[in-house]
Structure formats: structure tokens, C-alpha cells
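Colleague: I am new to this structure and would like a close look at a single part. Please take one helix and follow it through its surroundings.

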Amino acid sequence: MDLGLPYGEKPRLVLIHLASEAIRNGNPVVDVEGSMTAFTRSLGMETNGQQIKDLKAQLSRLAAATVRMGMVQHGRAYQVNTQIVTAFDLWYPDDPGAASAVAFHSQLGLEFFQSLGRHAVPLDHRAVRAIAHSSLALDTYTWLAQRLHRVHIGNTQFITWAAMYDQFGQGFARVRDFRRQFLKTLTQVKCVYPDAKLDMDEKGLTLFNSQTPVPSKYTLVDAN
């Protein structure tokens, strides 16, 4: 069966939740006990039948997806092809009309889990819930959480709008259309991440060293 690619805010919220649980427990295997309704509610989403049905579909897409990640480090280029979720089980109740699943079990890919251990940045679960309705807001928030604290104190980092468009602008025909929406989204993100320090002008964004959204002694986001 052709499942297609995961998209929208739901798989993003699920990944935040799974990564948080895996890092907190030191185990790439994550078990979610109880109903799908409870799981959906823990992500700050509506719990009507259609939302739960859509979430199940996105979970299946996420489990089937292979992700290609590329990076440049110390003058060398790296590329990794991996699965974020390598195992996925969802148990349904005997009643075919029930909206909830009895249990949800997933296993994160080893490379992804190890990467979390090296690079995970704490997120504020209240902020995630507040912007859970917007894929772009979730992407912007998690990107700033990762990027800003890595800027060296006393230095700045400049990113052009063209580079921002290449990273976040899928679905926008023109850079200026993306920039207009991104600036609106950035206003929302700044409300939930007030310590984020950055300036913007017609050419792009200037990033400054900033504290992570929550103290580093915490691990990612507590979605419960």
C-alpha cells in the first residue's frame, strides 16, 4: 500500500513526543499506554474522531518514511539515509466502532536516537502546545532552539532570505510570499520563546546567542 509522505503538524508533534520520551528513558523503544484519544490529548490536539483518524494515518506514514540528512562538519560533507521510526505497532480494540487504540509502540532508529543523545535541545511543552496548530511555527521554534544557543557569544550569524526559503519555504511560490508569512509566524514564536534574540531586515536574519527555551538540565519536552 502506498502511504505517501508524512506532512503537517501531527507528525512533528509525534516526533517531539517520541524523542522526549526516548531521551528521558534512555531507550529508543517508546510505549504509549492507554487510548489514542489520551495520546492525542497529550499532544495538545483535538480529540474528535477525524483528528484521531488523521493522526493514525500520519503515524503510519512516519513509520514508513526514509529520511535523508546531509550536513557539513569540519570541512567535510556527510549524508545519512535512515528511518526515524524503525518499528511501529498500534493495537485496536475489539469494537470496530471505537475511536481509540489500546496501545501504541514505536522504536526509533538507532542513528536518530544516538543523534538525539548528542544534540538534543530542551523545548518547553507549553510552547509546543501553544503553536501546535502550525507546522511552520513548530519548525521555526525547534530550529531557533537548536540554532541560537550555538552562536558564539559576542558573534552573530547572518542567514539570507533565500537560504531561509530553501529550508522552510516549500509551498510558497516566491521568496517574498514566504518572508511575509514567516515574519507573522516569527511573532507567534517569539511570544512562546521570548529569550530568542534575532534581528531581521530586507536581506535576511541576524542571529545572536540565546538561552535554550528551558534550562539544559531538562531533556527535551515533557509532553505529559
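**Helix α6 and its surroundings**

Modeller: Take helix α6, residues 135–147, in this predicted model. Start with its packing against helix α1, which spans residues 9–25. The two helices pack at an angle of about 35°. Their axes are 9 Å apart. The crossing of α1 and α6 is left-handed. On the α1 side, the contact is made by E9, R12, L13 and I16. On the α6 side, S135, L138, D139 and T142 make the contact. By class, the residues of this contact divide into 3 nonpolar, 2 polar and 3 charged.

Now turn to α7. Helices α6 and α7 pack at an angle of about 120°. Here the axes are 12 Å apart. The crossing of α6 and α7 is right-handed. From α6 come L136, D139 and W143. From α7 come M164, Q167 and F168. The residues of this contact divide into 4 nonpolar, 1 polar and 1 charged. D139 is worth finding on screen: it is listed in the contact with α1 and also in the contact with α7.

Next, look at the rings. The structure holds 7 aromatic pairs. One of them is formed by W143 and F168. This pair is edge-to-face, with 75° between the planes. The distance is 5.5 Å centre to centre. W143 sits in helix α6 and F168 in helix α7, so to speak two ends of a link between distant parts of the chain. They are 25 residues apart.

Last comes the pocket. The largest pocket has a volume of about 2,300 Å³. It is lined by 44 residues. The closest to its centre are V67, M69, I84, F112 and Q146. Helix α6 supplies at least two residues of the lining. Each of α1 and α7 does so too. The other such elements are strands β2 (67–73) and β3 (76–82) and helix α4 (110–119). By class, the lining has 25 nonpolar, 11 polar and 8 charged residues.

In brief, α6 packs against α1, packs against α7 and helps line the largest pocket.

Technical notes: Residues numbered from 1 in each chain as written. Predicted model: local features only at pLDDT ≥ 70, side-chain atom pairs only at ≥ 80, totals over all residues. Heavy atoms only, no water. Axes fitted to C-alpha atoms, helices over the stretch in contact; angles between N-to-C directions. Helix = DSSP H or I, 4+ residues; strand = E, 2+ residues; numbered from the N terminus. Left-handed = near helix turned anticlockwise from the far one by under 90°. Contact = heavy atoms within 4.5 Å. Nonpolar A, V, L, I, M, F, W, Y, C, P; charged D, E, K, R; others polar. 1 Å grid on protein atoms, 1.4 Å probe; cavity = no way out; pocket = protein on both sides within 12 Å on 5 of 7 lines; lining within 4 Å. Points joined across faces, edges and corners; volume = space filled by probe spheres on them. Phe/Tyr/Trp six-rings, centres within 6.5 Å; stacked < 30°, edge-to-face > 60°.
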